[in-house]
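The exercises below are to be worked with the sequence and the coordinates side by side. Each task is followed by a solution that goes step by step.

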Amino acid sequence: MNVLTVTTRQHADRTVVTVAGEMDIDSCPALEEATLVIPLGGKTLHLEMSGVSFMDSVGLNLLLKLRRRLLAEGGRLLVTGLQSQPASVLRLTETDTLLTPDTAQAA
């Protein structure tokens, strides 16, 4: 079984969630549960993923659901630290422009 670790730090203007492990069908429910209890209130949710070595379509779907939730609440999702495999998933699905810092700052 894959282990995914999730650490959350609250700041005045944002919440930083550091994720390590593999984001797949077995591990994503834990990450989703962790993010559902975070009070966002229009803040930025910064998902730091330098410790994530693998992400499948379930992980991608979770990122898109988080982004949709944040936009509906007046916040934004910022994904940083992508290793090559998760970054490749975002590029191949053309969702990198929705989730990466360069695009998020331009929006």
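Contact is taken here to mean heavy atoms within 4.5 Å. The model is predicted, and the solutions should be read with that in mind.

**Exercise 1.** Using this cut-off, list the residues that Leu-45 touches, not counting residues up to four places away in sequence.

*Solution.* Begin with the partners that come earlier in the list, which are Thr-15, Val-17, Thr-35, Ile-38 and Leu-40. Then add Leu-66, Leu-70, Arg-76, Leu-77 and Leu-78, which complete the set for Leu-45.

**Exercise 2.** Determine the strand order of the sheet, and state which strands lie at its edges.

*Solution.* The four strands form an open sheet in the order 1-2-3-4, and their pairing is mixed. Strand 1 (5-10) and strand 4 (76-80) are the edge strands, since each of them pairs on one side only. On average, and with direction ignored, neighbouring strands of this sheet are turned by 20 degrees against each other.

**Exercise 3.** Follow the chain from strand 1 to strand 3, and describe each pairing and connection on the way.

*Solution.* A hairpin of three residues leads from strand 1 into strand 2, and these two strands pair in the antiparallel sense over six bridges, with Thr-7 standing opposite Thr-18 of strand 2. Strand 2 and strand 3, by contrast, run parallel and are joined by nine bridges; here Glu-22 has Phe-54 in strand 3 as its bridge partner. Between these two strands the chain passes through helix 1, in a β-α-β crossover that is right-handed.

**Exercise 4.** Place helix 1 and helix 2 relative to the strands.

*Solution.* Helix 1 (residues 28-36) lies across strands 1, 2 and 3, and runs at about 170 degrees to strand 2. Helix 2 (residues 57-72) lies across strands 2, 3 and 4, and runs at about 175 degrees to strand 3.

**Exercise 5.** Identify the residues with the most contacts inside the largest nonpolar core, and the elements that give two or more residues to this core.

*Solution.* The core has 23 residues, and those with the most contacts inside it are Val-19, Met-23, Leu-45, Leu-47, Met-49, Leu-63 and Leu-77. Two or more residues come from each of strand 2, helix 1, strand 3, helix 2, strand 4 and helix 3 (84-92). Leu-45, the subject of the opening exercise, is thus met again among these residues.

How values were computed: Residues numbered from 1 in each chain as written. Predicted model: local features only at pLDDT ≥ 70, side-chain atom pairs only at ≥ 80, totals over all residues. Heavy atoms only, no water. Pairing = 2+ DSSP bridges. Axes fitted to C-alpha atoms, helices over the stretch in contact; angles between N-to-C directions. Core = buried A, V, L, I, M, F, W, Y, C linked by side-chain atoms within 4.5 Å. Buried < 20%, exposed > 50% of the residue type's maximum accessible area, 1.4 Å probe, protein only. Right-handed = clockwise from strand over helix to strand, strands pointing away.
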